[in-house]
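This report covers a strand arrangement, a ligand shell and a helix pair. Please keep the sequence and the model in view while reading.

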Amino acid sequence: MSMNEAMFYEKSDAGVRCLLCPHNCVIGEGNRGVCNTRVNIEGRLFSTNYGEITAMAMDPVEKKPLYHFYPGSAIFSVGSRGCNLKCPFCQNWQISQNSEYPATFYTPKDLVNRALKYDTIGIAYTYNEPSVWFEYVMDVSEIVCSKGLKNVLVSNGTLNEKPFDLLCGVIDAMNIDLKSFNGDVYRKIIKGDLETVKRNIATAHSKGVLVEVTTLVVTGINDNFEELINISDFLASIDRSIPWHISRYHPSYKYDKDPTDIDFMIDVYEAASESLDYVYTGNIAPSLPGGDTVCPGCGTILVSRSGYNVVVKALDGQGKCSGCGHDTGIRM
Ligand code: SF4
């Protein structure tokens, strides 16, 4: 296990207070915070997963999912251990909820050198929750920037303002989970904070980060039509061109309710498409609606997708529709 001193904490009467995420855990000597990745040793806070890689792969960028960021390209993707939320339906619980999961150590420089061996647009920090990998993500990202490559973050968006602002300075694109629009679901079931996630989505967008948002529609937790439409309305209030991915849940970890009803997902997709320009469906058959990118200006199919088979059909090199010139904001 590698130890690296945390960037955001302060001393407190009971030990140290971590200031990285809204849990703001007060951690006594020898103990860890809610995420199980930060430990108080002799009055100093250390991250226990710095450089610890549990998973590494070349993935289609669409798998993050990012549909508006270099469509059809591949990205070197890495993850570590830990998460600051406790979703009972976690789809990656083996690494997110196990602080002892086996890992291989890479210095930031070694990791970037490894990435450079591949035909990649950059590095994606994904699989577990990269918020609790903060110091390592910052250190690697700075090297990635210096090489002219891109940084991608796939996150639950649960970080305090100062660290999140720092990330926005080095990350090019984010997929942020907005898991529910009900504060009680966040607080009581997921163990997070809705307002923090909403703020961070708006902040990242305002700072020029390409932001896409994902909602896993979980049976019995957030499969409420009005609440889901509240999410699309919220995103549209920031910018109607923010892509929203609604994704089908399958039983996992501690949650075994039936997979999401597909007809319900299509109903949400159609209603949300009234307020948002780009709504996508995930984890369902490619023949169903919500896979392609369609021009909001003239209806031309701009990017067609069948699974991870991606064809850019009608975009110029600046992300504009080659039919009507509509600017989609897609980065190419
Ligand atoms: S990052 Fe971990 S230790 Fe720090 S406040 Fe969040 S849950 Fe607590």
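## Pairing of β2 and β3

K11 stands opposite V16 in β3. In this predicted model, Y9 likewise has a residue opposite it in β3, namely C18. Both pairs belong to the contact between β2 and strand β3 (residues 15–18), where four bridges hold an antiparallel pairing. The connection from β2 to β3 is a hairpin of two residues.

## The sheet

Which strand order does the open sheet have? The three strands are arranged β2-β3-β4, and their pairing is antiparallel. On the β4 side, β3 is joined by two bridges, again with the strands running antiparallel. V16 takes part here too: its bridge partner in β4 is I27. V16 thus appears in both pairings, opposite K11 and as bridge partner of I27.

β2 (9–12) and β4 (26–27) are the edge strands; each has a single partner strand, so one side of each has no neighbour in the sheet. As background, strands of a sheet pair through backbone hydrogen bonds, in either a parallel or an antiparallel manner.

## The ligand shell

Which residues are around the ligand? They are C18, L20, C21, H23, N24, C25, G33, V34, C35, R38, N84 and V132. C18 is also the residue that Y9 faces across the β2 and β3 pairing, which ties the ligand shell to the sheet at this residue.

By residue class, the shell divides into seven nonpolar, four polar and one charged. The charged residue is R38, and the polar group consists of H23, N24, G33 and N84.

## Helices α2 and α3

Helix α2 (residues 108–115) and helix α3 (residues 134–146) have axes that come within 9 Å of each other and cross at roughly 50°. Because of that angle, α2 counts as oblique to α3. The crossing of α2 past α3 is right-handed.

What residues make this contact? From α2 they are P108, K109, L111 and V112, and from α3 they are Y136, D139, V140, I143 and V144. The contact residues of α2 with α3 divide into seven nonpolar, no polar and two charged. The two charged residues are K109 of α2 and D139 of α3.

How values were computed
Residues numbered from 1 in each chain as written. Predicted model: local features only at pLDDT ≥ 70, side-chain atom pairs only at ≥ 80, totals over all residues. Axes fitted to C-alpha atoms, helices over the stretch in contact; angles between N-to-C directions. Parallel < 35°, antiparallel > 145°, perpendicular 65-115°, else oblique. Left-handed = near helix turned anticlockwise from the far one by under 90°. Contact = placed C-beta atoms within 7 Å. Near = placed C-beta within 6 Å. Pairing = 2+ DSSP bridges.
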